[in-house]
Amino acid sequence: MDLTSTPRKIPRTIPRTDALVSPQSALLAGTDQSSSPIIRAPIVLGVMASGSGSNFEAIAEAISKGVLNARIAVVIYNNPQAKVAQRAQRLGIPAVLLDHRQFSSRESLDDAIAAQLMEYQVNWVIMAGWMRRVTERLLSAFPRRILNIHPSLLPSFPGIRSVEQALNAGVKITGCSVHFVELVIDSGPIIMQAAVPVAPDDTVETLQARIQVQEHRIFPAAIALAAQQVSHPTAS
Ligand code: GRF
């Protein structure tokens, strides 16, 4: 991944409707604590994935358990071999292949992605293992509406091979982060993180597996927090 792009000057404040509040108050958002509940329409998610799609499935599961008030309208994937397509098929969710090799530029790919997401009337874009750098075209189509999950405690170890980077650095604690997407890779405001201790005998595979358990727990909760939808994240 290219880490060299120039940072956009984006105000660090989050628009009123996206205001981050304490997890407790976010979990209570949508519920009038004294009397009747406020009924909110489910948010409409578009998931972008390049690989296995275990995070996509964890989000779908959180929705089906009623802990995230959302609906996944479409999955967009860029790699014909991505297992996420089979998961989507099994769950009856439309999956659209937009193979980046068929596009002449990052911008034209992002235009096609934005057009698909709009066709499905998506209002939150969820990057769940999307392995392409995004451009201003997608960001401006969904301002402050794109979230990403990253397998490290950002700002440590951005970019690729983060688990390997953490192991090589000898850190004792690593983890995962859900953040708003900005032009500079893995740089946007952080919504939620989970810490994972590094064991002395960890390999990239064993550590990655424990990080993924935490990813599956915090990603739905972070979406709920960002969109202020009701959530009851389970303890690990
Ligand atoms: C996750 O570990 C995520 O942190 C990274 O890509 C991986 C995707 O895994 N961005 P999956 O496809 O959701 O299983």
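Visitor: Which residue in strand 4 stands opposite L45?

Guide: L45 has W124 of strand 4 opposite it. Strand 1 (residues 43-49) and strand 4 (residues 124-127) pair in the parallel sense, and four bridges join them; two strands count as paired when DSSP finds at least two bridges between them. The helices (H or I, at least four residues) and strands (E, at least two) are DSSP runs, numbered from the N terminus. The model is a predicted one, in which local features need pLDDT of at least 70 and side-chain atom pairs count only at pLDDT 80 or more, while totals for chains, interfaces and linings use all residues. Residue numbers start from 1 along each chain, as its sequence is written.

Visitor: How many helices and strands does the chain have, and in what order do they run?

Guide: There are seven helices and seven strands in the chain. Starting from the N terminus, you will meet them as α-β-α-β-α-β-α-β-α-β-α-β-β-α.

Visitor: What is the order of the strands in the sheet, and which are the edge strands?

Guide: As a general idea, the side chains of a regular strand alternate between the two faces of the sheet. Here the sheet is open, has seven strands in the order 3-2-1-4-5-6-7, and shows mixed pairing. Its edge strands, which pair on one side only, are strand 3 (95-97) and strand 7 (190-197). From one strand to the next the twist averages 20°, where angles run from 0 to 180 degrees between N-to-C directions, and axes are lines fitted to C-alpha atoms, for helices over the stretch in contact.

Visitor: Which strands does helix 2 touch, and which does helix 7 touch?

Guide: Helix 2 packs on the sheet and touches strand 1, strand 2 (70-77), strand 4 and strand 5, with a direction that makes about 165° with that of strand 2. Helix 7 also packs on the sheet, touching strand 1, strand 2, strand 4, strand 5, strand 6 (173-180) and strand 7, and its direction makes about 160° with that of strand 7. Contact between two residues requires that their C-beta atoms, placed from the backbone, lie within 7 Å.

Visitor: Why is strand 2 described as largely enclosed?

Guide: Six of its eight residues are buried, so strand 2 is largely enclosed by the rest of the structure. A residue is buried if 20 or more other C-beta atoms (placed from the backbone) lie within 10 Å of its own, exposed if 12 or fewer do, and partly exposed in between. Strand 2 runs parallel to strand 1, to which seven bridges join it, and Y77 in strand 2 stands opposite A49. Over the chain of 236 residues, buried residues make up 38%.

Visitor: At what angle do helix 6 and helix 7 pack, and which residues make the contact?

Guide: Two packed helices are described by the angle between their axes and by the distance between those axes. Helix 6 (residues 162-169) packs with helix 7 at an angle of about 115°, and the axes are 10 Å apart. On the side of helix 6 the contact is made by V163, E164 and L167, and on the side of helix 7 by V204, L207, Q208 and I211.

Visitor: What is there to see in the loop between strand 5 and helix 6?

Guide: P155 has its place in that loop, between strand 5 and helix 6, and a cis peptide bond, with omega about 10°, joins L154 and P155. F157 lies in the loop between strand 5 and helix 6 as well, and its phi is near 55°, a positive value in a residue other than glycine.

Visitor: Is F157 buried or exposed, and how does R144 count?

Guide: F157 is buried, because 23 other C-beta atoms lie within 10 Å. R144, in the loop between helix 5 (136-141) and strand 5, has a positive phi of about 55° although it is not a glycine, and it counts as partly exposed because it has 18 C-beta neighbours inside 10 Å.

Visitor: Where is L183, and how far is it from L139?

Guide: L183 is placed in the loop between strand 6 and strand 7, and it is partly exposed, with 16 other C-beta atoms within 10 Å. The C-alpha atoms of L183 and L139 are separated by 7.7 Å, although the two residues are 44 residues apart along the chain.
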